[in-house]
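The following report takes up one helix, the loops that hold two unusual backbone angles, and the cysteines. Please keep the sequence and the model at hand while reading.

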Amino acid sequence: GVGIVDRDKVITGENIKAGDVLIGLPSTGVHSNGFSLVRKIVLERQNMKLDQYVDELGMTIGECLLTPTRLYPRPCLPIIKNFTVKGMVHITGGGFYENIPRVLPKGVGVDIDVTAWPQLPIFGLLQKWGNVDAKEMYRTFNMGIGMILALPAQQAAQALEILKAAGEQAYQIGQVVSGEAGVELV
């Protein structure tokens, strides 16, 4: 995707501060990230065929892995227009640990509540099949959250209501805390 934005409307993350809230929008699956590890787990370690049906997924492993990457303009643009979105993070390759710190200014980090959203079955299966450490899962994959918005805490509930009214699932997944620009999973 390609877009354009006026320079004065660029969301840089520079105004993010402790106390701000993180709202997560769900992904549709692995998107296009971590496929070297996915191939190793699914094709080599599990010796699966891509047309193999997996009950937990309700489809073949190939159909699940090729579910198109979700795009986020439709849910994000109304939030950007009506709220003070201080930062946006697309959870791509590098997962939570590499993508979130890119938008954080010095002096703040984030605490992410990993129980705040339902995990898609593919991630649990990949973790089990590949015996992958939980931290590595969050370093490599989106774990079911494809986009994160940072807003002032007092705007979060209303933003979530607007997203819900538009038929969008969204979750308050964490908060910005004083400290180093890192990610703490809680």
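Helices, which are DSSP runs of H or I with at least four residues, and strands, which are DSSP runs of E with at least two, are numbered from the N terminus. The model discussed here is predicted.

## Helix α5 and its buried face

Helix α5 spans residues 121–130, and the residues buried in it are Ile122, Phe123, Leu125, Leu126, Trp129 and Gly130. Viewed down the helix axis, these buried residues fall within an arc of 165°, so they line one face of α5. As background to this pattern, an α-helix has 3.6 residues a turn, so residues three or four places apart point the same way.

The elements against which the buried residues of α5 pack are α1, β2, α2 (61–65) and α6.

## Leucine 126 within the helix

Leucine 126 belongs to helix α5 and has a relative accessible area of 0%, so the residue counts as buried, the cut-off being under 20%. When neighbours within four places in sequence are left aside, the contacts of leucine 126 are Val30, Val38, Ile41, Val42, Asn131, Val132, Met137 and Phe141.

One of these contacts, methionine 137, lies 11 residues from leucine 126 along the chain, and the C-alpha atoms of the two are separated by 8.7 Å.

## Two asparagines with positive phi

Directly after the helix, what is notable about the phi of asparagine 131? Asparagine 131, which follows α5, has a positive phi, near 50°, although the residue is not a glycine. This asparagine sits in the loop between α5 (121–130) and α6 (134–140), and with a relative accessible area of 65% asparagine 131 is exposed. Asparagine 131 is also among the contacts of the buried leucine 126.

Asparagine 47, likewise not a glycine, has a positive phi of about 55°. Its place is in the loop between α1 (35–45) and β2 (53–54), and at 59% relative accessibility asparagine 47 counts as exposed.

## Cysteines and disulfides

How many disulfides does a search of the whole structure find? The search finds 0 disulfides, where a disulfide would be a pair of cysteine sulfur atoms within 2.5 Å.

Are cysteine 64 and cysteine 76 buried or exposed? Cysteine 64 counts as buried at 10% relative accessibility, and cysteine 76 is also buried, with a relative accessible area of 3%.

Key
Residues numbered from 1 in each chain as written. Predicted model: local features only at pLDDT ≥ 70, side-chain atom pairs only at ≥ 80, totals over all residues. Heavy atoms only, no water. Buried < 20%, exposed > 50% of the residue type's maximum accessible area, 1.4 Å probe, protein only. Arc of directions from axis to C-beta. Contact = heavy atoms within 4.5 Å.
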